[in-house]
Amino acid sequence: MTRDPRYDILFEPVRIGPVTARNRFYQVPHCNGMGWTQPRALAALRGVKAEGGWAVVTTEEVEIHPTSDCEPFHEGRLWDDRDMPALALMADAVHRHGALAAIELMHHGASCANWGTRLAPIAPSHRPIIYYAPVQARAMDKSDIRALRQWHRDAALRAKQAGFDIVYVYCTQDLSIAQHFLERRKNDRIDEYGGSLENRVRLLRELIEDTKEAVGDRCAVAVRFGVDELMGDAGITHDGEGRDVIEMLADLPDLWDVNLSTWANDSQTSRFAKEGFQERYTAFVKQVTGKPVVGVGRFTSPDMMASQIRRGIMDFVGAARPSIADPFLPKKLEEGRIDEIRECIGCNMCVSSDYTETNLRCTQNPTSGEEWRRGWHPEIIAPRKSEGAVLIVGAGPAGLEAALSAARRGYQVHLAEAGTELGGRVTREAKLPGLSEWARVRDWRAGQIERMPNVSIYRNSPLEAAHVLEFGAWHVAIATGAVWRRDGVGRDSGFPVPGFDGPGIYTPDDIMAGRLPASGPVLIWDDDHYYMGGVLAERCRAAGLEVVLATPASIVSAWTVNTMEALPIARRLARLGIGMLTYSSLTGYRNGAAILQHGVTGAVTEHAAGAIVTVTARLPVEALYLDLAAREAEWAGAGIASVTRIGDCWSPSTIQQAVYSGHKLARELDEAPEGDVPRELPILEGMA
Ligand code: ADP
Ligand code: SF4
């Protein structure tokens, strides 16, 4: 296949100072939960992206000094020479595939408490550090500023020595000391580093000049800059000081990588922002600099990418999430395999990896974070080791991924689905407010397997144990999913909630099937704490019902702090007129009233509720598996070697985990059973 000429523009080489990028695909910095703790895993993750055609592959934030210690978050680290070999591993992995390696040097200033090193954080002026930690950053004097410049310069030299081609000066996401100097609200200095914008931008200018002088002969110097903080005049705006800064520094750096600040504004989920949403903020940058510009906006559509380049919005298609969801996006486009591109769904499970400090995970790409640990490659999978057929029961995310990956191994795959539609929970959930892009989990997989000659799909085929035994496949995977509980058992109550066995109780499955209460008020009982309670509240409100959401947590949709959605969700619910009751346990439902007990005061109150939507927990749909397990003696006679539960049928969890489970099953067919999760052990100095 050959490339569509409409996309030729995306494959033009672009010069960045002393280096040249082979095309316009630029993996901008992104966290991954591994950072300095797992250098081999990280090198493999970044190397795969270079192999997939990205012209520039960048690190995450890399701490330059112990006074910028992000613990407990795992970012990159370049405190001294001892950190160079770990970073060199990554640069080498990227170079092996012909890409440029970029490093984002970072001093966090007043953004981290230095919990690990216990050193006092530093800032332009005395300020508490963000994230509500009971720690303050102390105001820097001139010698501190001189020291900071030296640390940055030393880190740049080490980065160059470690093999990096592009060295960043970081000034965005409210996580950078240079940005803190810029922000009026954080800088009340009266010397030449405070007051006028020219003074507040001084440190950023000096860091760029220092870096150019130190490494500019061989390395390009990039600036990552947040043009707008989305807080109006209280912060930097794209038509105010954001623009002024770029005009002042215009051609000083070799490249501008521009975005929105903070990270939550920058990496909004598809529930809150659509592809290309940053254009209106960053479009001006190319008008005020002659240097190449990188822009982001969760780009997955090649037409949108080409259009942004053609219209002069940017020179490079910047991507973090689209490069995680499909590390081979550029290569597929280059080879005319556009249908094979696995598009990011904008769910931010990847972001949660950073927040939970665990290996990068992605809903769309199950190999993400497993490149080194399990040796999983996103595009390569070992050929089958037997001739036997594989029967997969259930075409939700787990079943679809298992079918696709087993088929890629060369197995003859049979996929049976009880319903008329493929996709399972994804098909149901994608119809809920704001979640339409999640259907890509189904569409990409269905699109791939429908073209494969070795996959047969049987719709409207609810299977029972007798059918499976009759079918006689060598391997059977049961991916029959899970259903939401109706009895209220969950985290808050280990026992059924009194009154939940009567009328007026609805589950998420009811709402998704269109069985909405005829009248309100509706009380959403959210003891799940992820997105479901919030989107069901929106769904019921859109049907004209009065809605209140009650949760035992201190905030609504508490787990979504890890996907950076907690605040946008609360704001949206408030805007829609949905009431929110926190610290509230639902202890019973009687006579059209929900009985709530306050988690702080213990006060018991009654809330009129025509209906309760209970969102607490799920139960696996495991009858088929249990029937088969009870008939294990018949398996051999039926030609069955294994029957395995996967996805929600095995353990109800996230869509990401279901996809992962299906992928793992396919990788492990006819392989020796795997032992523990492989792990990266630290290398102890002085020990071989
Ligand atoms: P997961 O997230 O684990 O993939 P889902 O709930 O999304 O689980 O999908 C399960 C799918 O399995 C649903 O589409 C459902 O219709 C289907 N299914 C459930 N039981 C059977 C069965 N006995 N035979 C065939 N398909 C089934
Ligand atoms: Fe996109 Fe979700 Fe994957 Fe992140 S986890 S890259 S948002 S699909």
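Ala, Val, Leu, Ile, Met, Phe, Trp, Tyr, Cys and Pro count as nonpolar, Asp, Glu, Lys and Arg as charged, and the others, Gly among them, as polar. This is a predicted model, where local features need pLDDT of at least 70 and side-chain atom pairs pLDDT 80 or more, while totals for chains, interfaces and linings use all residues. Residues are numbered from 1 along each chain as written, chains are lettered from A and ligands numbered from 1 in the order written, and side-chain values use heavy atoms, without hydrogens or water.

**Exercise 1. Find the second largest cavity (a set of points on a 1 Å grid over the protein atoms alone where a 1.4 Å probe fits but cannot get out) and sort its lining (residues with an atom within 4 Å of a point) by class.**

Step 1: get the volume, meaning the space filled by probe spheres set on the points, which are joined across faces, edges and corners. For the second largest cavity that's about 70 Å³.

Step 2: list the lining. Going along the chain, you meet I64, L105, M106, H107, L148 and H152, then V169, Y170, S176, I177, A178 and L207.

Step 3: sort them. You should get nine nonpolar residues, three polar ones and no charged ones.

Step 4: match residues to helices (DSSP runs of H or I, at least four residues) and strands (E, at least two), numbered from the N terminus. At least two lining residues come from each of β6 (100-106), α3 (142-161), β10 (166-171) and α4 (177-182).

**Exercise 2. How many cavities of 30 Å³ or more does the structure hold, and which residues lie closest to the centre of the largest?**

Step 1: count. There are four cavities that reach 30 Å³.

Step 2: go to the largest cavity, with its volume of about 90 Å³. It has 14 lining residues, and C344, C347, C350, C362 and T363 are the closest to its centre.

Step 3: look for helices. Both α12 (321-325) and α14 (349-356) supply at least two lining residues, and α12 gives the most, with three.

Step 4: sort by class. This lining splits into eight nonpolar, four polar and two charged residues.

**Exercise 3. Why does the largest pocket (an open set of grid points with protein on both sides within 12 Å along at least five of seven lines) lie between two domains?**

Step 1: check the space, which is about 1300 Å³. Of its 35 lining residues, T262, A264, N265, L567 and R571 are the closest to the centre.

Step 2: place the helices. α8 (263-266) and α21 (566-575) each bring at least two residues to this lining. The largest share is from α21, with seven residues.

Step 3: add the domains, whose bounds come from an automatic or database assignment. Both domain 1 (5-355) and domain 3 (485-617) contribute lining residues, so the largest pocket sits between them.

Step 4: sort by class once more. You'll find 18 nonpolar, nine polar and eight charged residues.

**Exercise 4. Which residues lie nearest the centre of the second largest pocket, and which element gives the most to its lining?**

Step 1: start with the volume, about 800 Å³.

Step 2: pick out the centre. Of the 24 lining residues, W36, P39, R82, D83 and A86 are nearest to it.

Step 3: name the elements. Two or more residues come from each of α1 (39-51), β4 (56-63), β5 (76-77) and α2 (84-95), and α2 gives the most, with five.

Step 4: finish with the classes. Here the lining has twelve nonpolar, four polar and eight charged residues.
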